[in-house]
Amino acid sequence: MTRPESGLYPLTPQCLVAMLKAFAISNNLEVITKLYQRILTLRSPQTKKFALKQGIRIAINLYENSADDPTPLNTVWFGQFLLDEHSGIFKETEKKELLLSIAAYLTEELGYADHKEQGVYFYYGPTLKKEVYNASAIISAFLIRLGIKYKINEYIELGKRGIRYICNKQNKDGSWFYAGKPERSTIDCFHQSYILQAICSVKDYLPFDTVEVITKGTAFYKTLFVEEGGYLHPVRYDKRYTPHNTWLFVKVDGRDVAEALVFFTLYTSEKEMVNRLLRYAYDKFYDKKRGYMIPERFVYGKNRIPYIEFQAWFLHAFLIVKHYGQNKGDIGLS
């Protein structure tokens with residue numbers, strides 16, 4: 001990106017939703033209020049219902065979006081924040097109006113492919129009809145939780161069918177490909193966590209058993225963590241499936257670490273794993289001289305650009321460990 005004349009890069013929706021989710025945990029009312037006011041200005045002008053815009057132009061091998069195009073994943077993360085925060089600073093009527101508008105955008109404007117008894121797949125973006133599984137899983141779980149909160153059976157049933165479809169797409173070894181055919185088969189680390197988090201968060205509300213799916217998925221997910229140089233750390237991608245993008249050169253993405261901390265803190269009892277990942281994050285990702293988290297470790301060195309999105313997702317993960325992990329005991333973040 002070219003630095004604008006102001007000298008400041010834009011606060012994108014991805015950064016803002018991550019910070020909202022983080023500060024909702026610490027219940028910092030002043031910061032939450034400011035972030036909330038800012039994020040409402042980032043509504044996409046291209047949708048009838050509420051959706052956040054990309055904020056910056058996105059151009060990757062799968063799709064291209066303009067800065068004004070809607071971003072479903074960041075929109076549903078904002079919806080998660082609205083469901084989870086209980087600060088009392090927002091009127092419940094305002095939250096309900098926003099949440100129902102988000103749900104209407106996801107189900108009516110973004111839309112989904114109905115695969116009958118196999119379930120439904122929610123599209124990844126306004127221009128991408130190829131299947132990318134992690135976002136559909138997150139949207140499905142959100143709809144279930146929203147439907148339960150407001151007693152809207154349509155959303156509950158759509159969400160259940162969405163989770164069923166994702167479970168049906170699990171590979172025999174417990175993994176999920178990042179995208180379905182005709183895309184090249186690739187398996188990476190933090191998107192496995194996204195899918196597992198989504199399924200685990202609503203497993204008690206599903207009409208089918210997910211024990212085997214979660215057990216196999218968690219067992220496979222753990223194979224993406226290796227011992228090296230006295231540390232336990234995640235790997236960017238499964239070496240059986242060679243990616244054809246920048247993953248090929250990334251040894252560890254910061255989100256691989258952050259989302260592992262979230263999953264193993266909230267949904268398992270892997271205290272030792274959480275502690276070892278915290279140590280790895282502190283020693284290998286924290287720039288102690290400058291006071292920020294690096295975003296990536298490449299096969300040939302470090303990416304030292306302090307992307308704000310990565311600071312936000314790390315903060316979210318660390319606060320989850322601090323708030324929820326310490327309640328389990330023996331997790332060392334002070």
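Let's start at Pro182, which sits in the loop between α6 (153–168) and α7. Keep in mind that this is a predicted model. The peptide bond that joins Lys181 to Pro182 is cis, with omega at about 15°.

From that loop we can step onto α7 and look at His191, which has its place in this helix. His191 has a relative accessible area of 11%, and because the cut-off for buried is under 20%, it counts as buried. Its side chain makes a polar contact with the side chain of Asp188, at 2.8 Å. If you set aside neighbours within four places in sequence, His191 is in contact with Asn134, Tyr178 and Trp247.

Moving on past α7, we come to Leu206, in the loop between α7 and α8 (211–222). Is Leu206 buried or exposed? Leu206 is buried, with a relative accessible area of 11%. Not counting residues up to four places away in sequence, Leu206 touches Ile144, Lys160 and Ile163. For a sense of scale, take Leu206 and His86: they are 120 residues apart in sequence, and their C-alpha atoms are 25 Å apart in space.

Now go back to the other side of the Pro182 loop, to α6. Its 16 residues should span 22 Å at 1.5 Å a residue, and the end C-alpha atoms are indeed 22 Å apart, so the two agree. Plenty of names turn up when you ask what is buried here: Tyr155, Ile156, Leu158, Gly159, Lys160, Gly162, Ile163, Tyr165, Ile166 and Cys167. Lys160 and Ile163 are among the buried residues of α6, and Leu206 touches both. And what covers the buried residues of α6? The cover includes the helices α4 (92–110), α5, α7 and α8, along with the strands β3 (112–114) and β4 (120–122).

Since α5 is part of that cover, let's take this helix next. α5 has 18 residues and reaches 26 Å from its first C-alpha to its last, close to the 26 Å expected at 1.5 Å a residue. This helix is mostly covered, with 15 of its 18 residues buried. Just after α5 comes Lys151, with a positive phi of about 55°, although Lys151 is not a glycine. Lys151 lies in the loop between α5 and α6. Its relative accessibility is 75%, and because anything over 50% is called exposed, Lys151 counts as exposed.

There is another residue with a positive phi to look at, this time in the loop between α1 and α2 (29–40), where Asn27 is found. Phi of Asn27 is near 60°, again in a residue other than glycine. Asn27 is partly exposed, with a relative accessible area of 43%.

Just before that loop, helix α1 holds Ala24. Ala24 is partly exposed too, at a relative accessible area of 23%. Leaving out residues up to four places away in sequence, Ala24 touches Ile32, Phe81 and Glu85. Ala24 and Asn65, in contrast, are 29 Å apart from C-alpha to C-alpha, with their positions 41 residues apart in sequence.

That brings us to empty space. Rolling a probe the size of a water molecule over the atoms shows where such space is left. The second largest pocket holds about 730 Å³. Its lining is made by 28 residues, and those that lie nearest its centre are Lys21, Gln80, Asp84, Arg145 and Leu266. The lining divides into 15 nonpolar, eight polar and five charged residues. Several helices pitch in with at least two residues each: α1 (13–26), α3 (72–84), α5 (133–150), α7 (190–202), α9 (254–266) and α11 (308–328). Which helix gives the largest share of this lining? That is α11, with five residues.

To finish, have a look at His316, found in helix α11. With a relative accessibility of 8%, His316 counts as buried. Apart from neighbours within four places in sequence, His316 is in contact with Ala18, Lys21, Ala22, Ile25 and Val262. Of these contacts, Lys21 is also one of the residues nearest the centre of the second largest pocket.

Definitions and conventions. Residues numbered from 1 in each chain as written. Predicted model: local features only at pLDDT ≥ 70, side-chain atom pairs only at ≥ 80, totals over all residues. Heavy atoms only, no water. 1 Å grid on protein atoms, 1.4 Å probe; cavity = no way out; pocket = protein on both sides within 12 Å on 5 of 7 lines; lining within 4 Å. Points joined across faces, edges and corners; volume = space filled by probe spheres on them. Helix = DSSP H or I, 4+ residues; strand = E, 2+ residues; numbered from the N terminus. Nonpolar A, V, L, I, M, F, W, Y, C, P; charged D, E, K, R; others polar. Buried < 20%, exposed > 50% of the residue type's maximum accessible area, 1.4 Å probe, protein only. Contact = heavy atoms within 4.5 Å. Expected span 1.5 Å × (residues − 1). Polar contact = N/O pair within 3.5 Å; in protein donor to acceptor, adjacent residues only side chain to side chain.
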